[in-house]
Each structure stands twice: as C-alpha cells, then as structure tokens.
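Colleague: Please take a close look at one part of this model. I want the helix packing, with cut-offs.

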Amino acid sequence: EALELAGHRGTQAATGTTAQALLQQERYDCVVTDYDMPGITGAAVASEARRLQPHATVCIVSGHARDHMRDLPTGALLMTKPFSVPLLLDVLSPR
C-alpha cells in the first residue's frame, strides 16, 4: 500500500519460479525479492533479473546475515529485515 501511495506500481510473485517468468515477460525498473522464496532462492531471482534487466535496481530482502548468503549476485542490494518503508522508497528511487 505504501508503495502505491508513493506512486509505484508493483507486481507480486508467490514463488521464485513465477518471478523469473515475469522477468522474461515484462520490463521492470526495480526488482525486490525475499531471499527465502519457495522454489528457488531470491538470489537466483536476483541473478536472473541482473541478466535480463541490467538497467533495473535489484534488491534482496532477508533476515539472514550477509555471510549466510554466499550466492548473492554482484550489483544486488541487500536490505536486512526489519526495514522501514522510507528506506524501501529510497531504494526504489531512480539513480
């Protein structure tokens, strides 16, 4: 709701596999994925996003420590849970 109130349009995917399919069909300015996704990890989704949409900001959200996630792709941002809506909005802002 906060993202929509800030003027963003979002697409949700219940699984990592669904997210990867959406990345092949649509163009996104920003991709935000949880690290723990059903099917495949958010790191795999982020890697696919970096490959298919190199212009997009890619952010992985997780409650894990960074050293627990050794498969994070280069260039992806990491936001640790819990995070604030203003921080998420800052991540989504064009650079």
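Modeller: Here is a walk through the packing of one helix pair, then of another helix.
This is a predicted model, where local features need pLDDT of at least 70, side-chain atom pairs count only at pLDDT 80 or more, and totals for chains, interfaces and linings use all residues. Residues are numbered from 1 along each chain as its sequence is written, and side-chain values use heavy atoms, with hydrogens and water left out.

Take helix α2 (residues 16–25) and helix α3 (residues 42–52). Helices here are DSSP runs of H or I, at least four residues, and strands are runs of E, at least two, numbered from the N terminus. The axes of α2 and α3 lie 9 Å apart, at an angle of about 5°. Axes are lines fitted to C-alpha atoms over the stretch in contact, with angles from 0 to 180 degrees between N-to-C directions. α2 and α3 are therefore roughly parallel (angles under 35 degrees). From α2, Gly16, Ala19, Gln20, Leu23 and Gln24 make the contact (heavy atoms within 4.5 Å). α3 supplies Ala44, Val45, Glu48, Ala49 and Leu52. These residues divide into 6 nonpolar, 3 polar and 1 charged. Ala, Val, Leu, Ile, Met, Phe, Trp, Tyr, Cys and Pro count as nonpolar, Asp, Glu, Lys and Arg as charged, and the others, Gly among them, as polar.

Now α4 (residues 85–92). Its buried residues are Leu88, Val91 and Leu92 (under 20% relative accessible area, 1.4 Å probe, protein chains only). They sit on the same side of α4, because their arc around the axis is only 100°. The arc uses directions from the helix axis to the C-beta atoms. The buried residues of α4 pack against α1 (2–5), β1 (30–34), β2 (57–62) and β3 (77–80).

Methods: Buried < 20%, exposed > 50% of the residue type's maximum accessible area, 1.4 Å probe, protein only. Parallel < 35°, antiparallel > 145°, perpendicular 65-115°, else oblique.
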